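Biologist: Please take one part of this model and look at it closely. I would like a connected account, with the setting first and the detail after.

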Amino acid sequence: MKVRILVSFKDSVLDPQGQTVRNALHTLGYRFIKEARQGKVFELELDKISEEEARKLVPEIAHKVLANPIIEKYTWQIIQDD
Amino acid sequence: MKFGVVMFPGSNCDHDTFHVLRDIIGRDTVFLWHKNHDLQDVDVVVLPGGFSYGDYLRSGAIARFSPLMQEVRAFAKNGGHVLGICNGFQILLELGLLPGAMLRNKNLKFLCQFVHIRIENDRTDFTRAGKKGQILKIPIAHFDGNYYAPNEVINDIRGNGQVVFRYCDADGRLTDEANVNGSMDSIAGLMSAKGNVMGLMPHPERASEALLGSEDGQIIFRSLIEAIENKGRKSRCP
C-alpha cells in the first residue's frame, strides 16, 4: 500500500516562500493568482499492514514526525492499494 | 564543573564551543556523541550550532530522536541546565523543551552577520553575569531563525519572564530593521518556565574572544558558572 501525505503551513502562519512564488507568477503575467502556499509531499510505501492499522498509524506518524503541529497541518490519502 | 558539547552528524560549531568552554572560559569540557546514552556527569549540556542531519525534514527535526537526546530530555526534566545555540535552539523547540517553532527568515536569506541583542531578564542562570538592558554584539548564522508561536504562547512566555534576549539596534531599540529574521516579539533567546533550559539563535561561542570582534558571548557561559558554582547569588527568574 502506498500513502501520500501533504504537509503545509497552517493558514494562520505566514508562508514567505509561497508569497515569493506568487510574486514571481505575477511578474510572469499570471495576475489571476490570488495566493500561493508551499508545502511538502511524502510518499510512504507500507508493508504488512492492514488499511485499518494504516488509518491509525499514518496520522500518528504525520503528527509526530512529518509535520510540526505548531506551524503545519497535513492531509493524507491512500494512493495505491495492495 | 563540567560542560558537555553534543555532536550530531552535521554539527559544525561543536569544536568552536568546546574550545571556548575549555580554553577561554577554562572549565572541564567533554564531547557527547549523539548515539550514546551517557551524559558523563556533566553539569551543563550544550547543543551546538550547525546542520544536524543536514537540516532534512525541518531544522532539528531528526536530531531530537537521537538516543542521547532522550537522556537530555530526562536531564532537563530533572532540572539540569541545557543550552541550545542556533541549531541547538531549533532542536530544543522540536523536542518540545521550549515552546514555539522556527520559520524561514522573513527575507528568505541565510543571514550571517553580527547583530545586537538585549538582555531582557538578568535573573536567569544564563544571564546573571550581565545586566537587564545590556546590549550584546554577537553574530548569527541561520536560515530558519524566524521565531513563531501562537499568540497565547507569546503572552505566556512574556508574562513568565521567559524571553531572555531580543534583537535590537546598537542603541538597544527594538526596530523592524534590527529584527533581522522577523521573529515574533523580536525574540532571540528563550528559556523554559523552570529556567533551566535556554535556546538562542546568536552564537556566543563566536563572540568570546576579542580577536574575533566581541567577547560579549562569554556572559552566557560565565552566568552558568556563577549559577552552578556559587548557587544563588541572584534569585532566579521570574
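Modeller: Start with the outline of chain A. The model is predicted. Chain A has a radius of gyration of 16 Å, whereas a compact globule of 82 residues would have one near 12 Å. Its C-alpha atoms fill a box of roughly 50 × 25 × 15 Å along the principal axes. Buried residues make up 11% of the 82 residues in chain A. The chain holds 2 helices and 3 strands. Along the sequence they follow the pattern β-α-β-α-β. Take the contacts in chain A between residues at least 6 apart in sequence: 69% of these join residues at least 24 apart.

Chain A also meets chain B. There, 7 residues of chain A are in contact with 8 residues of chain B. On the chain B side, the touching residues comprise 4 nonpolar, 1 polar and 3 charged.

Now for the close look, in chain B. The part is helix α3, residues 87–95. All 9 of its 9 residues are buried, so the helix is largely enclosed by the rest of the structure. The buried set begins with B:N87, B:G88 and B:F89. B:Q90, B:I91, B:L92 and B:L93 are buried too. So are B:E94 and B:L95. Charged or not, B:E94 is counted among the buried residues. In general, an α-helix has 3.6 residues a turn, so residues three or four places apart point the same way.

What do the buried residues of α3(B) pack against? One partner is a helix, α2 (67–77) of chain B. The others are the strands β3 (44–47), β4 (81–85), β5 (101–103) and β11 (197–200) of chain B. After α3(B) comes B:G96, with a positive phi near 85°.

Follow one of those partners, β11(B). Both of its faces are covered. B:V197 and B:G199 are buried on one side, and B:M198 and B:L200 are buried on the other. In general, side chains in a regular strand alternate between the two faces of the sheet.

β11(B) also pairs with two strands named here. With β4(B), it runs parallel, joined by 4 bridges. B:I85 has B:L200 as its bridge partner in β11(B). With β10(B), residues 187–191, the pairing is antiparallel, over 3 bridges. B:M191 stands opposite B:M198 there. The hairpin of β10(B) and β11(B) has 5 residues between the strands. Within that hairpin, B:G195 takes a positive phi near 85°.

Conventions:
Residues numbered from 1 in each chain as written. Chains lettered and ligands numbered in written order. Predicted model: local features only at pLDDT ≥ 70, side-chain atom pairs only at ≥ 80, totals over all residues. Buried ≥ 20, exposed ≤ 12 C-beta atoms within 10 Å, placed from the backbone. Contact = placed C-beta atoms within 7 Å. Rg over C-alpha atoms; globule rule 2.2 N^0.38 Å. Nonpolar A, V, L, I, M, F, W, Y, C, P; charged D, E, K, R; others polar. Pairing = 2+ DSSP bridges.
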